[in-house]
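Here's a quick walk through one model, starting from a single side chain and working outwards. Have the viewer open as you read.

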Amino acid sequence: MQPRLAYATLAPEAYKRMLHLNAYLKHCSLEASLLELVKLRASQINHCAFCIDMHWKDARAAGEDEARLYLLNAWHESPGYTERERAALAWTEAVTLLSEDQVSDDLYAQVREHFSDVEIVDLTFAVLVINGWNRLSVSFRSQPGVYQPHRATE
């Protein structure tokens with residue numbers, strides 16, 4: 001498949017605003033390793049090859065265990081995820097799949113056991129942002145395989 005449009009070039013102000021949201025998330029209340037799992041899981045759900053490639057590489061560059069990444073698509077049945085991570089992944093799936101069902105009160109209660117109010121809002125913004133990137137990348141066919149992760153010193 002060929003890329004369709006260069007959305008960053010055609011809508012530079014909107015693209016810049018998305019980058020500002022990314023910058024906020026880099027310094028939010030949530031740990032970077034959790035954010036990478038959330039981004040990767042939402043990208044799997046949305047079938048975004050570009051973002052799966054990116055966030056798998058970023059997670060590995062940050063030291064994430066390969067087995068946890070391989071099993072992420074089946075995290076419900078897989079050992080090795082903390083209860084906090086499980087709550088975040090369940091929240092990610094529910095918010096990403098809003099068209100299928102509402103975010104239940106039971107799930108909200110589960111998330112509240114592991115996250116502060118600020119962290120829940122930050123987690124929801126993280127899901128919102130990656131879903132936005134997924135929709136851009138899938139719609140305009142961003143090409144996977146070219147992304148290289150930033151080094152820790154950058």
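## Starting at Q44

Setting aside anything within four places in sequence, Q44 is in contact with I52, L72 and N73. Keep in mind that this is a predicted model. Q44 sits in helix α3, which covers residues 32-45.

Is Q44 buried or exposed? Its relative accessibility is 17%, and buried means under 20%, so Q44 counts as buried.

## L89 in helix α6

Next up is L89, which belongs to helix α6. With a relative accessible area of 1%, L89 is buried too.

Which residues does L89 touch, not counting those up to four places away in sequence? The list is L37, R41, L72, W75 and Y81. L72 is also one of the contacts of Q44, so to speak a shared name on both lists. For a sense of distance, L89 and S29 lie 60 residues apart in sequence, and their C-alpha atoms are 17 Å apart in space.

## Where α6 meets α7

Helix α6 spans residues 83-96 and helix α7 spans residues 105-114. Their axes come within 9 Å and cross at roughly 145°, and the crossing is left-handed.

On the α6 side, the contact is made by E83, R84, R86, A87, A90, W91 and A94. On the α7 side, L107, Y108, Q110, V111 and H114 do the job. Sorted by type, the residues of this contact come out as seven nonpolar, two polar and three charged.

## The whole chain

Now zoom out. What does the secondary structure of the protein come to? There are eight helices and zero strands, so reading from the N terminus the elements simply go α-α-α-α-α-α-α-α. The radius of gyration is 15 Å, close to the 15 Å that the globule rule gives for 154 residues, so the protein is as compact as a globular protein of that length. If you want box dimensions, the C-alpha trace spans about 40 × 30 × 30 Å along its principal axes.

## Contacts and surface

Take the contacts in the protein with a separation of 6 or more: residues 24 or more positions apart account for 71% of them. Buried residues make up 41% of the 154 residues.

As for the outside, the protein exposes about 9100 Å², and carbon and sulfur atoms supply 58% of that area.

How values were computed: Residues numbered from 1 in each chain as written. Predicted model: local features only at pLDDT ≥ 70, side-chain atom pairs only at ≥ 80, totals over all residues. Heavy atoms only, no water. Axes fitted to C-alpha atoms, helices over the stretch in contact; angles between N-to-C directions. Helix = DSSP H or I, 4+ residues; strand = E, 2+ residues; numbered from the N terminus. Left-handed = near helix turned anticlockwise from the far one by under 90°. Contact = heavy atoms within 4.5 Å. Nonpolar A, V, L, I, M, F, W, Y, C, P; charged D, E, K, R; others polar. Rg over C-alpha atoms; globule rule 2.2 N^0.38 Å. Buried < 20%, exposed > 50% of the residue type's maximum accessible area, 1.4 Å probe, protein only. Areas by Shrake-Rupley, 256 points an atom, 1.4 Å probe, with all protein chains shown as cover.
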